[in-house]
Amino acid sequence: MNTELASSAILIRNGRVLLIRRKNPPSLDMFAFPGGRAEPGESPDQTALREFEEETGIAARDPTLFATYDLHSENPGRHFHLSVFLVQADAEAIAEARDDAADAGWFTPDEIKAMNCPASVLDCVDRLEQGFELG
(Lines give C-alpha, C1' and ligand atoms only; values in the text may rest on other atoms or scores of the structure.)
Protein backbone atom coordinates (compact mmCIF):
# COMPACT_ATOMS: atom_id res chain seq x y z
CA MET A 1 0.00 0.00 0.00
CA ASN A 2 1.32 3.43 -0.97
CA THR A 3 1.14 5.94 1.92
CA GLU A 4 1.14 9.59 0.88
CA LEU A 5 1.71 12.51 3.21
CA ALA A 6 -0.82 15.33 3.21
CA SER A 7 -1.51 18.34 5.42
CA SER A 8 -4.30 20.82 5.95
CA ALA A 9 -4.71 23.99 7.97
CA ILE A 10 -7.42 25.46 10.17
CA LEU A 11 -7.86 29.23 10.37
CA ILE A 12 -10.45 30.58 12.80
CA ARG A 13 -11.85 34.12 12.81
CA ASN A 14 -14.62 35.35 15.08
CA GLY A 15 -15.81 31.81 15.82
CA ARG A 16 -15.89 30.86 12.12
CA VAL A 17 -13.64 28.42 10.28
CA LEU A 18 -12.34 28.90 6.75
CA LEU A 19 -13.29 26.00 4.47
CA ILE A 20 -12.87 25.45 0.75
CA ARG A 21 -15.02 23.33 -1.55
CA ARG A 22 -12.74 20.85 -3.28
CA LYS A 23 -12.92 20.80 -7.07
CA ASN A 24 -10.73 17.70 -7.50
CA PRO A 25 -10.53 14.23 -5.91
CA PRO A 26 -10.11 13.18 -3.21
CA SER A 27 -13.20 14.61 -1.54
CA LEU A 28 -14.53 16.19 -4.76
CA ASP A 29 -17.27 18.79 -4.01
CA MET A 30 -16.83 18.35 -0.26
CA PHE A 31 -16.04 21.23 2.06
CA ALA A 32 -12.69 20.82 3.81
CA PHE A 33 -9.83 22.69 5.39
CA PRO A 34 -7.40 23.99 2.77
CA GLY A 35 -4.69 21.41 2.19
CA GLY A 36 -3.18 18.76 -0.01
CA ARG A 37 -0.34 16.38 -0.72
CA ALA A 38 3.24 17.00 0.34
CA GLU A 39 5.90 17.74 -2.25
CA PRO A 40 9.22 15.83 -2.06
CA GLY A 41 11.34 16.97 0.89
CA GLU A 42 8.57 19.07 2.40
CA SER A 43 7.73 18.84 6.10
CA PRO A 44 4.07 18.51 7.13
CA ASP A 45 3.91 22.09 8.45
CA GLN A 46 5.49 23.44 5.23
CA THR A 47 2.89 21.50 3.21
CA ALA A 48 0.05 22.98 5.28
CA LEU A 49 1.27 26.57 4.80
CA ARG A 50 1.96 26.14 1.07
CA GLU A 51 -1.37 24.46 0.32
CA PHE A 52 -3.26 26.99 2.43
CA GLU A 53 -1.85 29.88 0.43
CA GLU A 54 -2.32 28.10 -2.91
CA GLU A 55 -6.00 27.41 -2.20
CA THR A 56 -7.01 30.63 -0.37
CA GLY A 57 -4.47 33.31 -1.30
CA ILE A 58 -3.77 33.86 2.41
CA ALA A 59 -0.21 33.60 3.73
CA ALA A 60 -0.69 31.71 7.00
CA ARG A 61 1.93 31.40 9.73
CA ASP A 62 2.69 29.77 13.09
CA PRO A 63 1.45 26.23 12.32
CA THR A 64 0.69 24.15 15.41
CA LEU A 65 -0.06 20.45 14.98
CA PHE A 66 -3.68 19.83 16.01
CA ALA A 67 -4.56 16.31 14.80
CA THR A 68 -3.40 13.45 12.58
CA TYR A 69 -5.45 10.93 10.61
CA ASP A 70 -4.78 7.79 8.59
CA LEU A 71 -7.18 7.97 5.65
CA HIS A 72 -7.95 5.46 2.95
CA SER A 73 -8.28 6.91 -0.52
CA GLU A 74 -11.19 6.52 -2.90
CA ASN A 75 -8.64 4.61 -5.03
CA PRO A 76 -7.84 1.12 -3.68
CA GLY A 77 -4.27 0.68 -2.48
CA ARG A 78 -3.71 4.36 -1.67
CA HIS A 79 -3.50 5.65 1.87
CA PHE A 80 -2.97 9.15 3.25
CA HIS A 81 -1.38 10.26 6.49
CA LEU A 82 -3.01 13.65 7.12
CA SER A 83 -1.55 16.22 9.53
CA VAL A 84 -3.91 19.05 10.50
CA PHE A 85 -2.49 22.32 11.81
CA LEU A 86 -3.96 25.38 13.48
CA VAL A 87 -2.58 28.50 11.77
CA GLN A 88 -2.66 32.26 12.16
CA ALA A 89 -2.98 34.97 9.50
CA ASP A 90 -3.43 38.71 9.23
CA ALA A 91 -6.98 39.67 10.19
CA GLU A 92 -7.47 41.73 7.02
CA ALA A 93 -6.40 38.92 4.65
CA ILE A 94 -9.26 37.99 2.31
CA ALA A 95 -9.85 34.38 1.29
CA GLU A 96 -10.28 33.64 -2.41
CA ALA A 97 -10.90 30.23 -3.95
CA ARG A 98 -7.77 29.33 -5.93
CA ASP A 99 -5.97 26.28 -7.30
CA ASP A 100 -7.90 23.16 -6.17
CA ALA A 101 -10.66 25.18 -4.47
CA ALA A 102 -14.00 25.83 -6.16
CA ASP A 103 -15.29 28.08 -3.34
CA ALA A 104 -14.05 29.47 -0.04
CA GLY A 105 -16.05 30.69 2.94
CA TRP A 106 -16.24 31.17 6.69
CA PHE A 107 -18.57 28.85 8.58
CA THR A 108 -19.75 28.29 12.15
CA PRO A 109 -19.43 24.85 13.73
CA ASP A 110 -23.21 24.27 13.38
CA GLU A 111 -23.08 25.19 9.68
CA ILE A 112 -20.12 22.85 9.13
CA LYS A 113 -21.93 19.94 10.81
CA ALA A 114 -24.77 20.33 8.27
CA MET A 115 -22.42 20.42 5.25
CA ASN A 116 -20.90 17.69 3.09
CA CYS A 117 -17.49 17.38 4.80
CA PRO A 118 -14.96 14.61 5.34
CA ALA A 119 -15.17 12.84 8.71
CA SER A 120 -11.78 14.29 9.68
CA VAL A 121 -13.13 17.85 9.33
CA LEU A 122 -16.16 17.05 11.50
CA ASP A 123 -13.89 15.44 14.10
CA CYS A 124 -11.63 18.52 14.18
CA VAL A 125 -14.62 20.84 14.61
CA ASP A 126 -15.83 18.73 17.54
CA ARG A 127 -12.34 18.85 19.08
CA LEU A 128 -12.16 22.62 18.57
CA GLU A 129 -15.49 23.13 20.31
CA GLN A 130 -14.46 20.89 23.22
CA GLY A 131 -11.19 22.76 23.56
CA PHE A 132 -13.01 26.13 23.46
CA GLU A 133 -11.06 27.24 20.37
CA LEU A 134 -14.47 27.97 18.86
CA GLY A 135 -17.30 29.50 20.73
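This briefing walks through the fold, the strand pairing and a few single residues of one protein chain. The model is predicted, so local features need pLDDT of at least 70 and side-chain atom pairs count only at pLDDT 80 or more, while totals for chains, interfaces and linings use all residues. Residues are numbered from 1 along each chain as its sequence is written, and side-chain values use heavy atoms, with hydrogens and water left out.

**The fold at a glance**

- The chain has three helices and eight strands. Helices (H or I, at least four residues) and strands (E, at least two) are DSSP runs, numbered from the N terminus.
- If you follow the sequence from its start, the elements come in the pattern β-β-β-β-β-α-β-β-β-α-α.

**Size and surface**

- The radius of gyration of the chain is 14 Å, which agrees with the value near 14 Å for a compact globule of 135 residues. This radius is taken over C-alpha atoms, and the globule rule is 2.2 Å times the number of residues to the power 0.38.
- Along the principal axes, the C-alpha atoms fill a box of roughly 40 × 30 × 25 Å.
- Buried residues make up 43% of the 135 residues. Here buried means under 20% relative accessible area, exposed means over 50%, and partly exposed is in between (1.4 Å probe, protein chains only).
- About 7000 Å² of the chain is exposed, and carbon and sulfur atoms supply 48% of that area. Accessible areas come from the Shrake-Rupley method with a 1.4 Å probe; for residues, only the protein chains shown count as cover.
- Take the contacts between residues at least 6 apart in sequence: 67% of them join residues at least 24 apart. Contact means heavy atoms within 4.5 Å.
- The chain carries 12 positive and 24 negative charges, and their mean positions are 2 Å apart. Lys and Arg count as positive and Asp and Glu as negative, while His and the chain ends are not counted. Each charge is placed at NZ of Lys, CZ of Arg, CG of Asp or CD of Glu.

**How the strands pair**

- Two strands pair if DSSP finds at least two bridges between them.
- Strand β1 (residues 2–10) runs parallel to strand β7 (residues 78–88), and nine bridges join them. In this pairing, L5 has H81 of β7 as its bridge partner.
- β1 also pairs with strand β5 (residues 35–37), in the antiparallel sense and over three bridges. Here S8 is matched with G35 in β5.
- β7 is joined to strand β6 (residues 61–72) as well, by nine bridges in an antiparallel arrangement. One place to look is H72, which stands opposite H79 in β7.
- β7 is mostly covered, with eight of its 11 residues buried.

**Residues to find in the structure**

- D29 lies in the loop between β3 (16–22) and β4 (31–32). Its phi is near 65°, a positive value in a residue other than glycine. D29 is partly exposed, with a relative accessible area of 41%.
- D99 is in the loop between β7 and β8 (101–107). D99 is not a glycine, yet its phi is positive, at about 55°. D99 is partly exposed, with a relative accessible area of 41%.
- E51 belongs to helix α1 (residues 44–56). With a relative accessible area of 7%, E51 counts as buried. Leaving aside neighbours within four places in sequence, E51 is in contact with G35, G36 and R37.
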